[in-house]
Structure formats: C-alpha cells, structure tokens
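Thanks for coming. I have one model to go through today, so let me put it on the screen.

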Amino acid sequence: DSLDTLYKAVGKIYFGNIAEASKLSGQNGAILKRNFGQVTPEWSMKWEATEPNRDQFTFDASDAVVDWASSNGKSIRGHALLWHIALPQWVQSITDKAELTSVIENHIANVVGRWKGKIRAWDVVNEIFNDDGSLRASVFSSVLGEDFVGIAFRAARKADPKAKLYINDYSLDNVEWAKLPALVRKVKEWKAQGIPIDGIGSQTHLQPGMAGAIESSLRELTTADVEVAVTELDIVGANPEEYKTVVQACYHVPKCVGVTIWGVRDPDSWQADTKPLLFDANFDAKPAYGAIVDYL
Ligand code: XIL
C-alpha cells in the first residue's frame, strides 16, 4: 500500500514528505517513490541556498528535487521564500525600505519564476508571528513593517499565477493558543486588502497529547477562506494513535488538501533524538505507519 494512493482514494490531493538530492536514490528514494505523492525540499529552496550572494542564484540542488519530482509524477511544495532563518547576512543587513523591497521582489521573481507551472504551492512567508500573535522581529518587519507580506505575495503571484500561495507557521495546533486566532484575523485583513493568500500551512510539529486538537484547529484556519495543509508533521515518540488522529483530522476537514511528513527515517529527522517519524533507522515501517494504513 502507498500512503499517497490511499489518501488520494479518500479524496485528498496528496500525502507528502521532504526530499533533497541526496535522498532521491537508495532506500530513501524507494520509500519516497512508493509512498509519497508530494515533496518539499527540506533546505535547498531557502534563501541561503538559492541566493547566497546578492543576485547570484544557485539552483543545482533544488533543480535536482524538481526534476526528480516531475519525472516521477510527484507534486511539489516550494519552501520557503521569506524566513528569518537560513537568511544570508547580506539580506539581514539591509536597512533601506526601497532597497529591501527590490531585493525581495528580485529574489521571488527569480526563485518562483525558475519553476513556473511546476510547483503546486509555495510557502511565501514562514514563521512570521510570535506565539502571542504579534509580528516577529526580523529584517523584513523592522524595515518594512507588515508591508513585506503584500510585497512578497504579490511578487509570487506575478512570477507563477497558478501556484497556491501559503502563509506557513507553527503553534497553530490548538484554538486556545494566541497565534491561531491572530493569524486568522491578519489573513482575513490582508485578503480584504487584495493580498493574494490562498492557503495556510500548519507545520504541526507535535508533542505527545496534542493530536486531538488538530481537527478543530484546521477547521478554524479555514474560516479565513483559504485551503489549509499540514506541512511539516512529526510527533515526538511517533505514537500510532496520534499519527492516525492527525491524518484523520485533515481527512475530516474538506479544505485540508494534504499532509506532509517532515522526514522519512528517524535518524534523518531535524529532531532525531525524539524518533518522531514513520520509518526507523533500517528504513523499516514503524507502528505509526501501520496505524495510518489501517485507518485509510
Ligand atoms: C529545518 C530542517 O529540517 C533542518 O534540517 C534545518 O537545519 C533547519 O530547518 N520549520 C520549518 C522548516 O519551516 O524549514 C525547518 O526545517 C523546521 C522548522
């Protein structure tokens, strides 16, 4: 069975994972090919990877993922255009509004334009809120206030009119937490101003006990009149019931398009010590994998 085939059979658009050039062959590549219908580059589309020096674009690593995905029939989530991490020092030291605006527009025109028509969805801005719902301090917000959001989304729409444009964040896992309603309110406000936001991505990096709140959280995100997606799922300890619950949550919410797991094998996770993924060090499927297959 393939997670992607099963999820599509119940009406979802994809079941995905992350990829990089080094993970497309061998056992990791075989698992991606068989089980997953969508890939997100874990690193290679971030700013420090695509434009490490001003106006010098490097696409070897990201092209490898896009080419592999295209030739294997996988859809792609582009990740992430504006993020305060993996952001080169030369960008962080800009202080002039007009200069930063043109740097953002040039970055997005080149990166999004590179794969026009090939990327299903882009994370245009990533982690721009603090947990209390205020705007995070970054070079983008300190130089441009919240105007950087409209600048980024409009540039992305212009570069690839068919890509779904997302705002992506974490701590959107519970309707009681301050970030969720604050983000929904801002997305409504920005959309009313004509900013082309199509989707909200909920990273969904979970601690044990949090899965039960995901369905109502995803539903609440859709009140901003957008599609939603679980974009970076991992669960500390990988409890099978909790994995099932998150997959079920997206299934139950009609506007949730799909789930992306943030890694294949535990030792390759960004939080390897918590063993949060669906496959163990030997690439054997863990109980959480079976729980999802049984549910679907
Ligand atoms: C992480 C990668 O998994 C790591 O390998 C890298 O060192 C740092 O970034 N939120 C995000 C992802 O949006 O891009 C992050 O990915 C995890 C947190």
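How many bridges join strand 4 to strand 5, and do the two run parallel or antiparallel? There are 5 bridges, and the strands, with strand 4 at residues 121–126, run parallel. Before going further, note that this is a predicted model, so read everything I say as computed from it.

Let me stay with strand 5, residues 164–169. In the pairing with strand 4, Asn 126 sits opposite Asn 168 of strand 5. Strand 5 also pairs with strand 6, residues 199–202, again in the parallel sense, over 4 bridges. There, Tyr 166 has Gly 199 in strand 6 as its bridge partner. The connection goes through helix 9, residues 179–192: strand 5, helix 9 and strand 6 form a right-handed β-α-β unit.

Now burial. In a regular strand, side chains alternate between the two faces of the sheet. In strand 5, Lys 164, Tyr 166 and Asn 168 point one way, Leu 165, Ile 167 and Asp 169 point the other way, and all are buried. Since 6 of the 6 residues are buried, strand 5 is largely enclosed by the rest of the structure.

Next, the ligand. The residues around the ligand are Glu 42, Trp 43, Ala 80, Asn 126, Gln 203, Glu 232 and Trp 270. By type, that shell has 3 nonpolar, 2 polar and 2 charged residues. Asn 126 is the residue I just placed opposite Asn 168, and Asn 126 is also in the ligand shell.

On to strand 9, residues 256–261. Which strands pair with strand 9? Strand 1, residues 14–19, is joined to strand 9 by 4 bridges, and the two run parallel. Strand 8, residues 227–235, pairs with strand 9 over 3 bridges, also parallel. Ile 261 of strand 9 appears in both pairings: Asn 17 stands opposite Ile 261, and Leu 233 has Ile 261 as its bridge partner. As for cover, 6 of the 6 residues of strand 9 are buried. Strand 8, helix 11 and strand 9 make another right-handed β-α-β unit.

Helix 11 spans residues 240–252 and holds Val 246. Is Val 246 buried or exposed? Val 246 has 25 C-beta neighbours inside 10 Å, so Val 246 counts as buried. Leaving out residues up to four places away in sequence, Val 246 touches Thr 204, Ala 211, Ile 214, Val 230, Leu 233 and Val 259. For Ala 211, which is 35 residues away along the chain, the C-alpha separation from Val 246 is 5.9 Å.

Compare a loop residue. Phe 283 lies in the loop between strand 9 and helix 12, the latter at 287–295. Phe 283 counts as partly exposed because 13 C-beta neighbours fall inside 10 Å. Setting aside neighbours within four places in sequence, Phe 283 contacts Gln 27, Ile 31 and Arg 265. Phe 283 and Asn 28 are 255 residues apart in sequence, with their C-alpha atoms 7.5 Å apart.

Last, the overall numbers. The protein has 12 helices and 9 strands, and buried residues make up 45% of its 296 residues. The C-alpha trace spans about 55 × 40 × 35 Å along the principal axes. A compact globule of 296 residues would have a radius of gyration near 19 Å, so the 18 Å found here agrees. Among contacts between residues at least 6 apart in sequence, 75% join residues at least 24 apart.

That is what I have.

Notes:
Residues numbered from 1 in each chain as written. Predicted model: local features only at pLDDT ≥ 70, side-chain atom pairs only at ≥ 80, totals over all residues. Near = placed C-beta within 6 Å. Nonpolar A, V, L, I, M, F, W, Y, C, P; charged D, E, K, R; others polar. Buried ≥ 20, exposed ≤ 12 C-beta atoms within 10 Å, placed from the backbone. Pairing = 2+ DSSP bridges. Right-handed = clockwise from strand over helix to strand, strands pointing away. Rg over C-alpha atoms; globule rule 2.2 N^0.38 Å. Contact = placed C-beta atoms within 7 Å.
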